[in-house]
Amino acid sequence: PAVEPWWQSATGYQIYPASFADSNGDGVGDIAGIIGKLDYLQDLGIGFIWLSPVYASPMVDNGYDISDYQAINPRFGALKEMDRLIAEARARGIGIVMDLVVNHTSDQHAWFQQARRSKTSPYRNYYLWRDNPPAKGAPDDMTASFGGSTWSYDAQAGAYYFHMFAAQQPDLNWANPAMRADIYKMMNWWLDRGIAGFRMDVIDLIGKDIAHGITANGPNEHPYLQEMTAATQAGRDCLTVGEVWSATPDNAPLYSDPARHELSMIFQFEAVTRFWDDQQGKWKPKPIDLPVLKSIFGKWQAALATRGWSALFWGNHDLPRAVSRYGDDGAGRVASAKMLATVLHLMKGTPYIYQGEEIGMTNAGFTSIDQYRDVETINLHAIALQAGIKDADFMAGARANSRDNARTPMQWTDGPNAGFSRGRPWIAVNPNKATINAAADSADPNGVYQRYRLLIALRKALPIIRQGSFRLIQPNHKQIFAYERRLGEDRLLVIANFTGTPATLPLTPNEIMVGRDLLSGADRTLSGTTLLLQPYETMALLRA
Ligand code: TEU
């Protein structure tokens, strides 16, 4: 397009509010805490914050179980603070993208409370009910994400209701037009308050057809999204990003081709799920295979090259820390964190930084189940033990992949509780705050933070990063992640040693070039027959 949407040159930053900054000492992060860190985020250069849920919630799933979409959880603040956050962020050129969790509500939401009370309530049909449990093996006999059946009996309702996640997260019935209209009304209420858009939780599930066992990408998925756009986006310039675990190169453009008026972009998870065990899933991770990882990125860059847009990320609040999963969180931590940032941020798409990633924060290192707070980890641990899996085996999987790895408090300083809170944090602070913290890292010109800051500025400055074509170089190389971007006469070569041992890249005539390394600012000539790269060494050469 002739005019680039604002979100193509912007970098996003995800805040998980409970773990970001606590202003009042209750051990839980809050909105006032976020406001206090806006200068830090402005210095980093981000264009928008994806704010994980701050709505009223009993917090079974840390706010992804919403009991009132138009109220703020008192632990996080009040509407007044939320309005102040929106205004203070905007004054710094930062948009607030709120989390839209509309596949389900909390069982404490007024809609569910009314629905369970009476069969004749207008809200009964806001949810999915049946009188009897599904027959074993029937298409709708499914397992919920956080364990157990997707059908739970509600004594007050005298019926079973459907839930894809915890039993306290009943799924909304998207086939009900009155329910959909209420959701759109709520979205407009927030948009009118001045937010910059929505991140849409498990949005690929709203078109489900459970009678046929179809959950993701159901028959009504795209009609509903188009209806949502028409009802909420007219005359606005928002960012919408969908969480789409079921994305394929074929269906991704359906979600994000601008001509279809659905979403600005989507998150897809192939670089995550490809390295999970076929049976035990995330609880038994496989090692990262670099040629496979590269092929996944190459495939997705191609899939969304012209129709649609990618959301780029290594981590989020559901995933392990980027440097622990894809890099080295020991001796090579800083170098590998900078390498990962560079490889991702110089691709086409909108990059998302998960809080703490910009200082190279690592996994939690928990060793016992009582250190965990996550409903998924706790539920599935109990189920695993019942199934005869050894505690030590489950704990090894959790240490690698539990969602709590990303949820330990943000490490601001080396002081008490890492400067996160003057009270007792709701989840343990990583003891490595003594060496890994924002104060120390951001002051180091060779630290992780300054690399992110540079990459964010480069994206704003250089159209080739936003719009250039993408091509993997030597895709089968086992140590080096290299690719080329091109735009008109411009050419950008990104070459990274993805490993902790030196690597050589055989140079073909195609890689011979004279350019400027955007990372160091130095002029550099690639010539001869091979290029030697130190562990995690990365360069980004823009042709002179
Ligand atoms: O996540 C969707 C989701 O499918 C994850 O729960 C994922 O399955 C899990 O991490 C993999 O083991 C979204 C939110 O990002 C997550 O935090 C919520 O718990 C979930 O939806 C329910 O709202």
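Me: Over how many bridges do strand β20 (residues 513-517) and β23 pair in the antiparallel sense?
Reply: A strand here is a DSSP run of E with at least two residues, numbered from the N terminus, and two strands pair if DSSP finds at least two bridges between them. This is a predicted model, so local features need pLDDT of at least 70 and side-chain atom pairs count only at pLDDT 80 or more, while totals for chains, interfaces and linings use all residues. Residues are numbered from 1 along each chain as its sequence is written. For β20 and β23, the antiparallel bridges number three.

Me: Which residue of β23 stands opposite Leu492?
Reply: Leu492 falls in β18 (residues 490-497), which pairs with β23 (residues 538-543) in the antiparallel sense over five bridges. On β23, Leu541 faces Asp517, whereas the residue opposite Leu492 is Leu542.
In strands like these, side chains alternate between the two faces of the sheet when the strand is regular. So, for Leu492, look to Leu542.

Me: What is the strand order in the open sheet of three strands?
Reply: The edge strands, each pairing on one side only, are β6 (129-130) and β7 (151-154). Two bridges join β6 antiparallel to β8 (residues 159-162), and Trp129 stands opposite Tyr161 in β8. With antiparallel pairing, the order is β6-β8-β7.

Me: Which residues of α6 are exposed on the other side from Glu221, Leu225 and Met228?
Reply: Glu221, Leu225 and Met228 are buried, meaning that 20 or more other C-beta atoms, placed from the backbone, lie within 10 Å of their own (exposed is 12 or fewer, partly exposed in between). They lie on the same side of α6 because they cover an arc of only 60° around the axis, taken from the directions from the helix axis to the C-beta atoms. Across from them, the exposed residues are Pro223 and Ala230.

Me: How far does helix α6 reach from its first C-alpha to its last?
Reply: Helices are DSSP runs of H or I with at least four residues, and α6 (residues 221-232) has twelve. The expected span is 1.5 Å times one less than the number of residues, giving 16 Å for α6. Close to that, the reach is 17 Å.

Me: How many residues surround the ligand?
Reply: A residue counts as near if its C-beta atom, placed from the backbone, lies within 6 Å of the molecule. The closest are Asp61, Tyr64, Phe165, Val202 and Asp318. Altogether, the number of surrounding residues is 14.
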